[in-house]
Amino acid sequence: MTETKAGAAPEAAKPLLALNPKQESEFKRKVQEVKKRRKKSTEASSLTPGVIYVGHLPLGLFEPQLKGYFEQFGKVLRLRLSRSKKTGGSKGYAFIEFNCDEVAKIVAETMNNYLMGERIIKCHVIPPEKVHEQLFVGSQRMFKKPLFPAVTRYNKRRTEEQVAKMTDKLVRKEWKLRKRLAAKGVDYDFPGFAAQVPQKKKKTSDSLNASTCSEDATPVCTPSVLERRKSIVVDDDDADDEIVVKMPTVEKDEEESSEEEEEEEDDDESEEPCEEDAE
């Protein structure tokens with residue numbers, strides 16, 4: 001006898017043959033019928049999947065945690081956690097599909113009104129006719145957080161041009177709203193965005209604020225500018241047929257010195273006769 005090698009591949013099953021060669025064709029037909037019956041019986045006995053809804057989930061539970069927790073009841077085929085498209089956060093409910101509907105019923109009965117993380121879980125079975133065909137579309141794909149969540153997008157720093165563009169858009173939108181209200185006969189006055197937009201200051205005449213030297217950054221209230229303003233005001237008064245007497249500019253120091261000299265002379269004259277009387 002020859003010893004068979006360990007780990008050798010088993011030989012393929014030989015085809016079944018009838019003992020009577022004349023009945024070979026009929027024997028093969030019966031074998032095919034038996035195989036078909038086995039397939040039908042296995043299909044009939046196959047498990048039908050069941051889907052459950054799990055709501056009021058606590059914060060911090062995502063796909064890996066939910067799958068690891070619910071796999072203790074049975075095999076989880078698919079799981080979908082509802083998330084926000086803007087922030088990527090959980091909405092607090094999920095859909096879980098088990099390989100057997102009986103397991104799904106047991107899970108729904110066990111987990112309904114179950115306290116988890118200071119929240120009472122709500123769980124029930126979804127009938128097969130109410131399960132949407134696209135309920136688990138994309139559930140096998142790994143979730144990726146949005147690149148530009150709403151909070152980051154709205155709070156980002158904007159340039160002055162972007163702010164001006166947004167302001168103009170809001171004011172135009174508000175103006176259209178006021179126009180529609182007026183067309184409907186609604187008399188409603190509200191400040192809106194237009195009241196919050198800073199009003200541009202009216203520019204004064206360039207002739208009054210302009211400096212004598214355009215190249216130098218001199219302040220507006222320089223003596224030369226003040227003199228120029230005075231002359232402009234005088235010209236305006238002349239246009240109204242008013243008489244204006246222009247006095248020559250005299251320095252204050254010279255006037256004060258002349259007045260002091262006159263007072264001293266008067267004092268000297270008054271002192272001389274007093275001395276004569278005393279003698």
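In the predicted model, the buried residues of helix 3 pack against five elements: strand 1 (50-55), helix 2 (63-70), strand 3 (90-98), strand 4 (114-116) and strand 5 (119-126). Helix 3 itself spans residues 101-111, and its buried residues are Val103, Ala104, Val107, Ala108 and Met111. When the helix is viewed down its axis, these buried residues fall within an arc of 140 degrees, so they line one face of helix 3. The pattern agrees with the geometry of an α-helix in general: there are 3.6 residues a turn, so residues three or four places apart point the same way. Helix 3 is followed by Asn113, which has a positive phi, near 60 degrees.

These elements belong to a chain with nine helices and five strands. From the N terminus on, the order of the elements is α-β-α-β-β-α-β-β-α-α-α-α-α-α. The chain comprises 279 residues, of which 16% count as buried. It exposes about 24600 Å², and 54% of this area is supplied by carbon and sulfur atoms. Among the contacts in the chain with a separation of 6 or more, 56% are accounted for by residues 24 or more positions apart.

The largest pocket has a volume of about 820 Å³. It is lined by 26 residues, and those closest to its centre are Glu63, Arg80, Leu81, Gly138 and Ser139. Helix 2, strand 2 (76-83) and strand 3 each supply at least two residues of this lining. Strand 2 gives the most, contributing eight residues to the lining of the largest pocket. By residue class, the lining divides into 12 nonpolar, nine charged and five polar residues. Two of the elements that contribute to the pocket, helix 2 and strand 3, are also packing partners of the buried residues of helix 3.

Strand 4 and strand 5, which likewise pack against the buried residues of helix 3, are joined by a loop in which Glu118 has its place. The relative accessibility of Glu118 is 80%, and since the cut-off for an exposed residue is over 50%, Glu118 counts as exposed. Glu118 and Pro58 are 60 residues apart along the chain, yet their C-alpha atoms are separated by 7.6 Å.

Conventions: Residues are numbered from 1 along each chain as its sequence is written. This is a predicted model: local features need pLDDT of at least 70, side-chain atom pairs count only at pLDDT 80 or more; totals for chains, interfaces and linings use all residues. Side-chain values use heavy atoms; hydrogens and water are left out. Helices (H or I, at least four residues) and strands (E, at least two) are DSSP runs, numbered from the N terminus. Buried means under 20% relative accessible area, exposed over 50%, partly exposed in between (1.4 Å probe, protein chains only). Contact means heavy atoms within 4.5 Å. Accessible areas come from the Shrake-Rupley method with a 1.4 Å probe; for residues, only the protein chains shown count as cover. The arc is that of the directions from the helix axis to the C-beta atoms. On a 1 Å grid over the protein atoms alone, a cavity is a set of points where a 1.4 Å probe fits but cannot get out, and a pocket is an open set with protein on both sides within 12 Å along at least five of seven lines; lining residues have an atom within 4 Å of a point. Grid points are joined across faces, edges and corners, and a volume is the space filled by probe spheres set on the points. Ala, Val, Leu, Ile, Met, Phe, Trp, Tyr, Cys and Pro count as nonpolar, Asp, Glu, Lys and Arg as charged, and the others, Gly among them, as polar.
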